[in-house]
Amino acid sequence: ARALTPQTAETDAIRFLVGTQSLRYDNQIHIIDFDDENNIINKNVLLHQVGEIWHISTSSADKGVLATCYNKTSDTKVMTCAAVWRMPKELESGSHESPDDSSSNTQTLELLCHLDNTAHGNMACVMWEPMGDGKKIISLADNNILLWDLQESSAKAVLSSSAALEGKGQLKFTSGRWSPHHNCTQIATANDTTVRGWDTRSMRQIYCIENAHGQLVRDLDFNPNKQYYLASCGDDCKVKFWDTRNVTEPVKTLEEHSHWVWNVRYNHSHDQLILTGSSDSRVILSNMVSISSEPFGHMVDDDELSDQEDQHQEEKIKEPLQDSVIATYEEHEDSVYAVEWSSADPWLFASLSYDGRLVINRVPRALKYHILL
C-alpha cells in the first residue's frame, strides 16, 4: 500500500483511509477507525475493483466522498486514471464497530464520476479545495493542471479550466497541494526538481523555485497558519522550507533522513510540528519552531507576571526557540510512502509503509503539554 489520507470532513472521530496495491486480488480501501480511549483499531473494507490505488484524497465538505488515482490496463498500456466515489451511507461517519465477520461483509464503493483524462495523460494526484462546498477539485495529469467542477451531487465532473506545463522534454507533475490561504486561489505543484505556484483563477504560474531539490521533488505542504510558507521534500533526502515571496534560498533545510523523503506534512493546529516519511523506513517528527507562527513561544499577559518574572521574561522573549528532532519512529520495516495527521486529533498521526503496515502514533505527551501550557 502507498495511499493514505485522513477523512478530512470528519472532525470528531479519528479516521484514516488506506488504498491497496495488489496485482493478484481486487484492490480495496480500508477504513481505519481508531478508538482513542481504548486504544483499539477498527477496520471496514470497501472493494475498489478498478485497479491498484496510487493516490487517495477525501472531500473537505462531504464525509462520504473520496477520489482515487488508480492504474488501469488497456491494450497492453497502463494508464493512471482518477475517479470520484461515494462510500456506503452507514460508513460515512467515523467511530464504527468492525463487523464481526468481515469476510462476508465487504461492500463496494459507488462510482460517482470519472475525471476523464484520456486526452491529458496519467493522473498523479487529485486535490480538493481546502475550504468551500467540496465541489472544486484539481487533478494533475502528466503536464496538465485540470480544474473540475463537481455537479449534480458529484455525479458529474465538468472541466472548468486547465493549464499545461511548457518546456523541453517529457514534463510530468509528481505531486501538488492546494493552499488554504489567499481564498484558496493558489496551488503548488512539483515536477522534476522544480516547485511552481499557480493562480487557480487565471491558471497562470505565479512563482517558480527551480532546482528546489537536487533530485526529484516528491511532496509539498503549506503551512496552515502562515501564508507564503511551503515545505518540500525529495530524493536528495532533504526537507526544505520556503517563503514563496523570495524563492532564491530555502528558509530552512532538514537533513535527517538517509534516503528519499516521500512525504512532508504540517500539523493543522500547531505548525511547528512537521512529519516526514522516507524510504529509510523511518518517520521523523520535527519541531520547526523558528519558522512557525509562534517562533517565540506563547504570548504572556503582562498582568500575570511579577517584577522579577518580568525581567526574566523579557530576556527570554528576545531568543527564538530552537528547532529540533522530537522523535524518530522505527516501527516500519519497509519504505514509508505516506504520513498524515488526523483531522480530528491534532496530536495523533498515521504512517503507512509499502508492506501494508499502518502505524498510529501520538506526539510525545511532554511536548504536547509544553506547546499547550
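This passage describes how the two domains of the chain meet and then turns to an annotated repeat and a salt bridge.

The model is predicted, and its protein chain falls into two parts, each assembled from separate stretches of sequence: domain 1 covers 1-92 + 105-164, while domain 2 covers 166-293 + 319-372. A distance of 21 Å separates the C-alpha centres of domain 1 and domain 2. At the boundary, 38 residues of domain 2 are in contact with 41 residues of domain 1.

The size of an interface is often expressed as the accessible area lost when the parts come together. Here, domain 1 and domain 2 bury about 3100 Å² between them, and carbon and sulfur atoms account for 71% of that area. On the domain 1 side, the residues that lose the most area to domain 2 are Arg-2, Leu-4 and Phe-16, which together make up 20% of what that side buries.

Polar links also cross this boundary. Between domain 1 and domain 2 there are 7 residue pairs in polar contact. Strands that each supply at least two residues to the side of domain 1 touching domain 2 include β1 (3-6), β2 (14-19) and β3 (27-35), as well as β10 (123-128), β11 (136-141), β12 (144-151) and β13 (156-164). Sorted by class, that side of domain 1 holds 24 nonpolar, 10 polar and 7 charged residues. Across the interface of domain 1 and domain 2, the count of salt bridges is 1. Arg-362 and Asp-36 pair through their side chains in a salt bridge, with an N to O distance of 2.7 Å.

Within the range of domain 2, there is also a database annotation to consider. The unreviewed UniProt entry places the feature "repeat: WD" at residues 210-246. This span is 46% strand and 0% helix, and its end C-alpha atoms lie 12 Å apart.

For the model, the salt-bridge count comes to 15. One of the salt bridges joins Asp-221 and Arg-177, whose closest N and O atoms are 3.1 Å apart. Asp-221 sits in strand β18 (residues 217-222) and Arg-177 in strand β14 (residues 173-178), so this pair ties together parts that are 44 residues apart in sequence.

Conventions
Residues numbered from 1 in each chain as written. Predicted model: local features only at pLDDT ≥ 70, side-chain atom pairs only at ≥ 80, totals over all residues. Heavy atoms only, no water. Domains from an automatic or database assignment. Contact = heavy atoms within 4.5 Å. Buried area = accessible area lost by both parts, 1.4 Å probe. Salt bridge = Lys/Arg side-chain N within 4 Å of Asp/Glu carboxyl O. Polar contact = N/O pair within 3.5 Å; in protein donor to acceptor, adjacent residues only side chain to side chain. Helix = DSSP H or I, 4+ residues; strand = E, 2+ residues; numbered from the N terminus. Nonpolar A, V, L, I, M, F, W, Y, C, P; charged D, E, K, R; others polar. UniProt positions renumbered as here; feature names shortened; annotations may be inferred.
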